Amino acid sequence: MSANAIALWYLFASVLFILALKGLSHPLTARRGNRFGMIGMAIAIVVTLTITNRVDLALGALAVGGVVGYLVAKRVEMTQMPELVAGMHSLVGLAAVLIAMAVVNNPSAFGIPNPIPTGNRVELFLGTFIGMMTFSGSIIAFGKLAGLGKQFRLFSSAPVVFKGQQMVNLLIAIAMLVFGILFVTAAPGSEWMPFLLMTAIAFVLGILIIIPIGGADMPVVISMLNSYSGWAASGIGFSLNNPLLIVAGSLVGSSGAILSYIMCKAMNRSFFSVILGGFGAAEGAATGTTEQKAVRSGSPDDVAFLLGNAESVIIIPGYGLAVARAQHAVKEMAQKLIAKGVNVRYAIHPVAGRMPGHMNVLLAEAEVPYDQVFEMEDINGDFGTADIAFVLGANDVVNPLAEEKGSPIYGMPILEAHKARTVLVNKRSMASGYAGIDNPLFYMDKTMMVFGDAKKVVEDIVKAIE
Amino acid sequence: MHGVVVDPIITNLTVFVLAIFVGYHVVWTVTPALHTPLMSVTNAISSVIVVGAILASGPGPINQGSMLGALAVALVAINTFGGFLVTERMLEMFKKKEPSKRDTGVKK
């Protein structure tokens, strides 16, 4: 195949990738978009195979990776999606490093002159260190999300902080830069030493920048690593003069960056305060001042009675619901209510799950129709006219303190459950949420608490709705 | 500029910057409900780096370079296949709703 033909095929694949993302603008077009993405990838792989001298290694490796990928995709639980995505980011990062090493080893295999020109070296440096930081950072994120903190302290979901941490990180980053420059300027034949040292330092730095970030900020971290993995692919695309890699990498990079921004906004945190970390460690001091307040609690039968007589109900699912695996029970409850003529909707806070859009997937898995599921901005105006807001396993995202100046969570966008005529809250106990702040919603006159495991409670409600 | 060949780095940079703009605008149109599939599909798309890995594995003789390449192909192929398939699996869940949506509409 001529170089021009290859370039055109790569262009075609790039367009298909853009269409794959475009399809996600609506659930109805999303699957077609995903197919476009698959076709684009198939084209990219086949075209590349036609221009290499030997295909047996690549085909064998594709088969091995493909089988593993297939099994993982089929078996992963939807609650484990954040871990899966973090794990996959790490693979992209590692692959970027391995490719860069292959380039340093034998540049002519990629049509790059030997010795490698300065421009390509700069690109290799960028691609390698971003790739390596994506790799090690994603492993830490994976460990934190998979809850491996007990086995290994670096994976602790609580922030791992030490004195002078930021200074240490800065010094390490400078050291990495120095070895990067030494690699770029190295005499032919002596590139390996600075290259490997730079790579090793990037590995350490990737770990250090993720460990101080607490569990609650994971949605930001995972989006950020998503972005990094894209930039790493772009970096390698620059080194190999391959526009397809550059385009695909930029799409992924900007997508991750936008998701990070959306997640930060949903938590009312600046990107830098998340990166610098420490959130969730020093908090908790705010609790304890309001212990004596009385709450009104009720039984599942009471809840069933209230729900059955309501005209409109808004369900607010939180991650506690997913932990209790109560999604199916909730869907059953909603179905029964809808059959009685109750208008049931779900309100999703952007950080309701462990990654962007996570709660939507968990509800979709339980076969909740997506047209009953609303985003925060779309439903917040409707709480004032709703008979019941039913909070299930959520806490901070419905805390009205966010509207009061001086509160630690002031300014965080919340679901305005407190505006509903009646508020029902299911919780296991009166413990405070991740931010460690008490929630006045629980003490309001119109609020009724129903304590217990979400799944058990909702199942009892389902039974009680005749 | 007359008769001077543009450095490929500049051409690459042009592609890079324009692609970021495209990405920025396209991603904002993605509905928040599908942000998790967005992440898994972008994961799959970033595995296009497999192209570089295939090149690394295929110059001809088997040596360190080609083995590095083959290893990279195997690792990233997990993403290529796993990423698209798990996205498909999730989107399937979003699609199944269509009939039941009409059901509830009729009941009301």
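**Stop 1: the crossing between the chains**

Select α2 of chain A and α3 of chain B; α2(A) passes α3(B) in a right-handed crossing. This is a predicted model. In chain A, α2 covers residues 27–50, and in chain B, α3 covers residues 50–57. Their axes lie 9 Å apart, at an angle of about 20°. That makes α2(A) roughly parallel to α3(B), because angles under 35 degrees count that way.

Now show side chains. On the α2(A) side, pick A:Ala44, A:Ile45, A:Thr48 and A:Leu49. On the α3(B) side, pick B:Val50, B:Val51, B:Ile54 and B:Leu55. These two sets meet. Colour them by class: seven residues in this contact are nonpolar, one is polar and none is charged.

**Stop 2: chain B as a whole**

Hide chain A for a moment. How many helices and strands does chain B have? Chain B has five helices and zero strands. Follow the sequence and the pattern reads α-α-α-α-α. Chain B has 108 residues, and 57% of them count as buried. Turn to contacts in chain B between residues at least 6 apart in sequence: 63% of these join residues at least 24 apart.

**Stop 3: two buried residues that touch chain B**

Bring chain A back. Select A:Ser229, in helix α8 (residues 218–239) of chain A. Is A:Ser229 buried or exposed? Its relative accessibility is 0%, so A:Ser229 counts as buried. Leave aside its neighbours within four places in sequence, and list the contacts of A:Ser229. In chain A they are A:His89, A:Val92, A:Thr134 and A:Val252. From chain B comes B:Ser46.

Next, go to A:Leu84, in helix α4 (residues 81–105) of chain A. A:Leu84 is buried too, with a relative accessible area of 11%. With neighbours within four places in sequence set aside, A:Leu84 is in contact with A:Val72 and A:Val76, and with B:Val86 of the other chain. Draw a distance from A:Leu84 to A:Met38, 46 residues apart along the chain: their C-alpha atoms are separated by 19 Å.

**Stop 4: the sheet of chain A**

Switch to a cartoon view and find the open sheet of six strands in chain A. What is the strand order? Across the sheet it runs β3-β2-β1-β4-β5-β6, with parallel pairing. The edge strands are β3 and β6, each pairing on one side only. From one strand to the next, the twist averages 25°.

Add helix α14 (residues 358–365) of chain A, which packs on the sheet. Helix α14 touches β1, β2 and β3 of chain A, and its direction makes about 145° with that of β2(A).

**Stop 5: β2 and its partners**

Select β2(A), residues 343–348. Five of its six residues are buried, so β2(A) is largely enclosed by the rest of the structure.

Look first towards β1(A), residues 312–317. The two strands pair in the parallel sense over four bridges. To find the register, select A:Ser312, which stands opposite A:Asn343 in β2(A).

Then look towards β3(A), residues 373–375. Three bridges join β2(A) to β3(A), and the strands run parallel. Here A:Ala347 stands opposite A:Phe374, and A:Ile348 stands opposite A:Glu375. While side chains are on, keep one rule in mind: in a regular strand, side chains alternate between the two faces of the sheet.

**Stop 6: β5 and its partners**

Move along to β5(A), residues 422–427. Why is β5(A) described as largely enclosed by the rest of the structure? Because five of its six residues are buried.

One partner is β4(A), residues 388–392, joined to β5(A) by five bridges and running parallel. Select A:Ile388; its bridge partner in β5(A) is A:Thr422. Another partner is β6(A), which pairs with β5(A) in the parallel sense, over five bridges. There, A:Asn426 has A:Val450 in β6(A) as its bridge partner.

**Stop 7: a loop residue**

Finish in the loop between β5 (422–427) and β6 (447–451) of chain A, where A:Tyr443 lies. A:Tyr443 counts as buried, because 16% relative accessibility falls under the 20% cut-off. Draw one last distance, to A:Lys293. The C-alpha atoms of A:Tyr443 and A:Lys293 are separated by 7.0 Å, with the two residues 150 apart along the chain.

Methods: Residues are numbered from 1 along each chain as its sequence is written. Chains are lettered from A and ligands numbered from 1 in the order in which they are written. This is a predicted model: local features need pLDDT of at least 70, side-chain atom pairs count only at pLDDT 80 or more; totals for chains, interfaces and linings use all residues. Side-chain values use heavy atoms; hydrogens and water are left out. Axes are lines fitted to C-alpha atoms, for helices over the stretch in contact, and angles run from 0 to 180 degrees between N-to-C directions. Angles under 35 degrees count as roughly parallel, over 145 as roughly antiparallel, 65 to 115 as roughly perpendicular and the rest as oblique. A crossing is left-handed if the near helix is turned anticlockwise from the far one by less than a right angle, and right-handed if clockwise. Contact means heavy atoms within 4.5 Å. Ala, Val, Leu, Ile, Met, Phe, Trp, Tyr, Cys and Pro count as nonpolar, Asp, Glu, Lys and Arg as charged, and the others, Gly among them, as polar. Buried means under 20% relative accessible area, exposed over 50%, partly exposed in between (1.4 Å probe, protein chains only). Two strands pair if DSSP finds at least two bridges between them.
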